[in-house]
Structure formats: structure tokens, C-alpha cells
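Biologist: Please take me through one part of this model closely, starting with a quick word on the strands. Keep it brisk, and give the reasoning where there is some.

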Amino acid sequence: MSAAMKVHVSAIRKVAPTIKEFTLTPVDGEFFPFSPGSHIVVEMQADSKTIRNAYSLLSDPMDNRQYRIAVRLQPESRGGSDFMHQEVHEGDELTITPPNNLFSPDWRAKKHVFFAGGVGITPFMSYIPEMLRRGADFELHYMYRSTQTGAYVEALRNLIGERLHTYDSITSSRAEIADIMAHCPQGTHLYICGPESLIDTVRYRGQQTGWPASHIHYEAFAAPKPGKPFVAELKKSGKTIYVPEDQSLLEALEANEVEIPNLCRGGVCGQCMSPVLDGDIEHRDEFLSEKEKSGNRCIMPCVSRAKSSRLHLDI
Ligand code: FES
């Protein structure tokens with residue numbers, strides 16, 4: 001993992017039935033400052049394999065004494081969220097990357113409207129202190145299921161009062177997304193973090209009603225979904241690498257000491273794009289256009305896989 005740094009886990013607390021918050025402090029020196037919406041990648045050794053998951057920083061960006069992240073225990077975990085919930089204890093050391101930002105607020109916006117689903121609240125936790133310092137106009141629509149998620153509701157209510165709108169699916173309270181969007185003044189930017197269905201709903205509504213695409217920002221750190229195992233043949237290094245069903249191509253490459261640049265590890269930033277010489281690709285990213293996908297010439301190994309049993313890569 002490039003530019004990796006060691007951190008102490010200085011505190012762990014449960015902030016919702018399925019979400020734990022981890023406070024990380026530096027082993028040596030000080031943390032890098034970060035901007036609102038930044039994330040780090042945490043490296044985990046789980047079941048003899050290395051998993052690297054990205055998590056949004058939820059602490060105040062002005063506080064570089066500590067980083068805080070929150071991890072939801074995923075029902076179909078590939079091992080990463082299980083590892084964080086079961087194997088990580090206060091006092092342990094973890095390896096992380098320095099913060100990167102693929103989801104920063106656009107400060108030119110007249111108004112900022114946030115849609116958070118479940119643990120997708122995390123990037124907005126780092127937005128809000130900066131929004132308050134700058135006196136920005138914003139509101140937060142937070143959807144959760146109180147028997148599982150719904151972290152930080154009381155803290156947010158105390159911090160931002162009426163700008164917080166909560167929707168607990170247990171009490172059948174629903175966000176009327178179309179209505180919320182219809183009441184936004186011109187120049188509003190929308191920010192979405194949460195499940196794919198929430199992101200798709202806001203983006204679809206935006207397309208239907210003529211919102212500029214540049215005013216709709218979204219982030220989803222879903223771990224790569226499992227798929228059929230396949231073999232990756234690498235032309236330049238001459239390596240042949242087996243990619244099991246529960247490992248991404250990027251993780252399999254890293255496990256075999258083939259380093260590929262990456263930032264989001266979720267198919268949105270384009271950093272890991274790798275050329276393909278032969279084989280059928282199952283594209284799962286949000287970065288390539290439909291035309292690029294049908295060209296079958298490049299792959300985002302952080303999320304995409306092979307449909308065929310072999311993939312020949314020009315790396
Ligand atoms: S690391 Fe961002 S698209 Fe793969």
C-alpha cells in the first residue's frame with residue numbers, strides 16, 4: 001500500500017446497533033490535515049488475505065490529533081467489516097493510507113443539500129463543521145433504520161437543529177426526494193452518500209428534471225461484490241494470477257506484488273484503469289462510459305471482473 005502509515009486504535013465505541021466508530025491516533029508524529037469529504041484506506045489481514053477498504057473520515061478536518069471512521073457490520077461481509085468489528089481492539093495498530101478526497105463540497109454552491117443513507121452519514125460529519133465555520137447554507141436529509149443504523153442523530157440534532165431532517169424506516173417515515181429537490185433554489189448542489197438505490201434515485205430525478213450533472217455529487221464505498229473466479233494473465237510482468245470469487249482483481253494483483261495506482265477502490269475515480277488485451281470484462285464501475293465499456297479494452301480492477309475464465313492484461 002503506497003505511503004502507508006501506522007496508527008493506534010485509541011478508542012472504539014458502538015454508535016448504532018450495527019455501526020462501530022474507531023478513533024485512530026498517530027504512532028509517530030502528526031496526522032496530515034484533510035479536507036471535508038476525505039477518506040482513508042484501511043489495510044486488514046483477514047483469513048490469510050489482505051483486504052483494503054476505504055472509509056470516510058468523520059472527524060472535524062481542523063482536528064489533526066485524530067482521525068475517526070465508522071464501520072457498518074455488513075451482512076454479506078467479504079471479511080473487512082467482520083474484521084473491523086471482531087478482530088480490532090483498543091490499543092491495536094492498523095495500517096492506513098493518508099487521506100484522499102473524491103467527495104469535497106463545491107464551495108461555489110448557493111446551497112448544499114445532503115442525502116445520507118445509513119452509514120453514508122460519515123462524509124457529512126466532516127462537512128458540517130466546515131459548513132458552520134463558513135456560514136454556508138445547507139440541510140441534511142438522513143435516512144436510516146434505527147434497529148440497525150442511525151448513528152449520531154442526537155449529536156447532529158444538537159449541532160444543526162432544524163437543518164437536520166431524519167427518516168427512520170422503522171416508523172415508515174420516508175424522504176420525498178422529488179419534493180425536496182423541487183424546493184431547492186437555483187444554484188443548489190446535491191450530495192449523496194449511501195446505498196446505490198438512494199444514489200440512483202437522486203441522479204435519475206436530477207436527469208429527469210434538468211439538474212446540471214455538475215451539481216450532483218455522490219460517493220459510495222461499497223466493497224467489491226464477489227463474482228466468478230478467473231485467471232488474469234499479465235503480459236508485461238509475465239505473471240499468471242488466480243482471482244478467487246471473494247477477492248477483487250485489484251486485491252489479487254496487490255497480493256502478487258503488482259502495484260496499481262488507486263484511490264477510491266470503488267469504481268469511481270478512474271485511477272486503477274488497466275488495459276485489457278483479451279477476454280470478456282464484466283464492467284461494474286461508474287467511471288467508464290458505455291462506449292468505453294463496450295470497447296472491452298480497459299478494466300477498473302478495483303470492482304470489475306472477467307466474464308470469461310481468463311483475462312489478458314497489458315500490465
Ligand atoms: S481505484 Fe478508483 S476506480 Fe478503481
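Modeller: Strands first: β13 (residues 230-234) pairs with β14 in the antiparallel sense, over 4 bridges. Keep in mind that this is a predicted model. Within that pair, V231 stands opposite Y242 of β14. Both strands belong to an open sheet of 5 strands, in the order β14-β13-β19-β15-β17. The pairing in the sheet is mixed. At the edges sit β14 (240-243) and β17 (298-299), and each of them pairs on one side only.

One loop leads into this sheet. It runs between α6 (249-255) and β15 (274-278), and it holds R265. Phi of R265 is positive, near 55 degrees, and the residue is not a glycine. Most residues other than glycine have a negative phi. R265 is also buried: its relative accessible area is 7%, and anything under 20% counts as buried.

Now the part for the close look: helix α2, residues 122-134. How many of its residues are buried? The count is 10 of 13, so α2 is largely enclosed by the rest of the structure. The buried residues are T122, P123, F124, M125, S126, Y127, I128, P129, E130 and M131.

One neighbour is helix α3, residues 153-160. Two packed helices are described by the angle between their axes and the distance between the axes. For α2 and α3, the angle is about 10 degrees and the axes are 12 Å apart. Angles under 35 degrees count as roughly parallel, and α2 and α3 are therefore roughly parallel to each other. On the α2 side, the contact is made by M125, I128 and L132. On the α3 side, L156, L159 and I160 make it. An α-helix has 3.6 residues a turn, so residues three or four places apart point the same way. By class, this contact has 6 nonpolar residues, no polar ones and no charged ones.

The helix also feeds the largest nonpolar core, which has 28 residues. The residues with the most contacts inside that core are F114, I121, F124, L140, Y142, Y152 and L156. Six elements are worth naming here, since they give two or more residues to the core: β1 (5-16), β8 (111-117), α2, β9 (138-144), α3 and β11 (188-193). Of these, α2 gives the most, with 5 residues.

Y152 deserves its own stop. It lies in the loop between β9 and α3. Its phi is positive, about 65 degrees, although Y152 is not a glycine. It is buried, at a relative accessible area of 9%. It is also on the list of residues with the most contacts inside the core.

What comes just after α2? There G135 takes a positive phi of about 70 degrees. A136 follows in the loop between α2 and β9. A136 is buried, with a relative accessible area of 14%. Leaving aside residues up to four places away in sequence, A136 touches W107, H112, M131 and R163. One of these, M131, is itself a buried residue of α2. For a sense of distance, A136 and L288 are 33 Å apart, C-alpha to C-alpha, and 152 residues apart in sequence.

To pull α2 together: the helix is largely enclosed, runs roughly parallel to α3, and gives the most residues to the largest nonpolar core.

Technical notes: Residues numbered from 1 in each chain as written. Predicted model: local features only at pLDDT ≥ 70, side-chain atom pairs only at ≥ 80, totals over all residues. Heavy atoms only, no water. Axes fitted to C-alpha atoms, helices over the stretch in contact; angles between N-to-C directions. Parallel < 35°, antiparallel > 145°, perpendicular 65-115°, else oblique. Contact = heavy atoms within 4.5 Å. Nonpolar A, V, L, I, M, F, W, Y, C, P; charged D, E, K, R; others polar. Pairing = 2+ DSSP bridges. Core = buried A, V, L, I, M, F, W, Y, C linked by side-chain atoms within 4.5 Å. Buried < 20%, exposed > 50% of the residue type's maximum accessible area, 1.4 Å probe, protein only.
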